[in-house]
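Q: Please take a close look at one strand of this predicted model. I would like its surroundings, its pairing and its side-chain contacts described together.

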Amino acid sequence: DNVDNWNDATVRKLFKLDGGKGAAEAMVAVAAIGGEGGAAMSRRFGPSSPTIQFLVQALLEAKPKQRRQFLSFVTSIPIATPGRIEVVPIISPNGEFLPMQDPSCLPRANTCARRLYLPKFETYDTFAQILWA
C-alpha cells in the first residue's frame, strides 16, 4: 500500500465497474439498505461516466490522509488491499439514477462487500464537496 503515489491507473485498479460476480448478493444488500433491489443491479456507472471520472479525479487530487479516509469509509481498512471496490448507483424504485439533490441521497458504503453507493453527480465541485464533507 502506498497512497502517497497514486496515479490514474492505480486509482482505476481500485474499482470493479462491470458488475461481475456477486450480483445476486449485491441485490440482497442493496434491497436491505435502500429497497432498490434488482433494478440497482441492472444499472451501473460505466468506466467513462461523469460520476466515475469525478471519483478518480477526487482521489488523484486528494492528500494521503483523505485517501486513507476514503478507503476506511468504503472498506473499513485505511490501506489498499486485494479486491476491487464495486461502485453502485443509488437509484429510484423505477430504476432511474438518482441525482445528488437532497440529503437522503448521500454516498454510502457496504464495507463487508466492498461496495460504494453513489448518486449521480452533475459537477465535479459538488462531488468533491460531498465526498470530502
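The answer below deals with strand S2 and then turns to other contacts and a pocket.

A: In this predicted model, strand S2 covers residues 85-89, and 5 of its 5 residues are buried, so the strand is largely enclosed by the rest of the structure. In a regular strand the side chains alternate between the two faces of the sheet. In S2, Ile 85, Val 87 and Pro 89 point one way, while Glu 86 and Val 88 point the other way. The residues of both sets are buried.

S2 pairs with two strands. Strand S1, residues 15-16, runs parallel to S2 and is joined to it by 2 bridges. Strand S4, residues 115-118, is also parallel to S2, with 4 bridges between them. Glu 86 takes part in both pairings: Glu 86 is the bridge partner of Lys 16, and the bridge partner of Glu 86 in S4 is Arg 115.

The side chain of Glu 86 also forms a salt bridge with that of Arg 115, at 2.8 Å from N to O. This pair links distant parts of the chain, since Arg 115 lies in S4 and Glu 86 in S2, 29 residues apart. Glu 86 has a relative accessible area of 3% and Arg 115 one of 6%. The cut-off for buried is under 20%, so Glu 86 counts as buried, and so does Arg 115.

The count of salt bridges comes to 3. One of them joins Arg 12 and Asp 8, with the closest N and O atoms 3.0 Å apart. These two residues are 4 apart in helix H1, residues 8-12, and therefore separated by about one helical turn. Arg 12 is partly exposed at 28% relative accessible area, as is Asp 8 at 37%. Another salt bridge is formed by Glu 122 and Lys 120, whose closest N and O atoms are 3.9 Å apart. Here Glu 122 is exposed, at 59%, and Lys 120 is partly exposed, at 31%.

The largest pocket holds about 220 Å³ of space. Helix H5 (64-75) and helix H6 (124-131) are the elements that give two or more residues to its lining. H5 gives the most, with 4 residues. The lining residues include Gln 66, Gln 69, Phe 70, Phe 73 and Trp 132. By class, the lining has 8 nonpolar and 2 polar residues, and no charged ones.

Conventions:
Residues are numbered from 1 along each chain as its sequence is written. This is a predicted model: local features need pLDDT of at least 70, side-chain atom pairs count only at pLDDT 80 or more; totals for chains, interfaces and linings use all residues. Side-chain values use heavy atoms; hydrogens and water are left out. Buried means under 20% relative accessible area, exposed over 50%, partly exposed in between (1.4 Å probe, protein chains only). Two strands pair if DSSP finds at least two bridges between them. On a 1 Å grid over the protein atoms alone, a cavity is a set of points where a 1.4 Å probe fits but cannot get out, and a pocket is an open set with protein on both sides within 12 Å along at least five of seven lines; lining residues have an atom within 4 Å of a point. Grid points are joined across faces, edges and corners, and a volume is the space filled by probe spheres set on the points. Ala, Val, Leu, Ile, Met, Phe, Trp, Tyr, Cys and Pro count as nonpolar, Asp, Glu, Lys and Arg as charged, and the others, Gly among them, as polar. A salt bridge is a side-chain nitrogen of Lys or Arg within 4 Å of a carboxyl oxygen of Asp or Glu.
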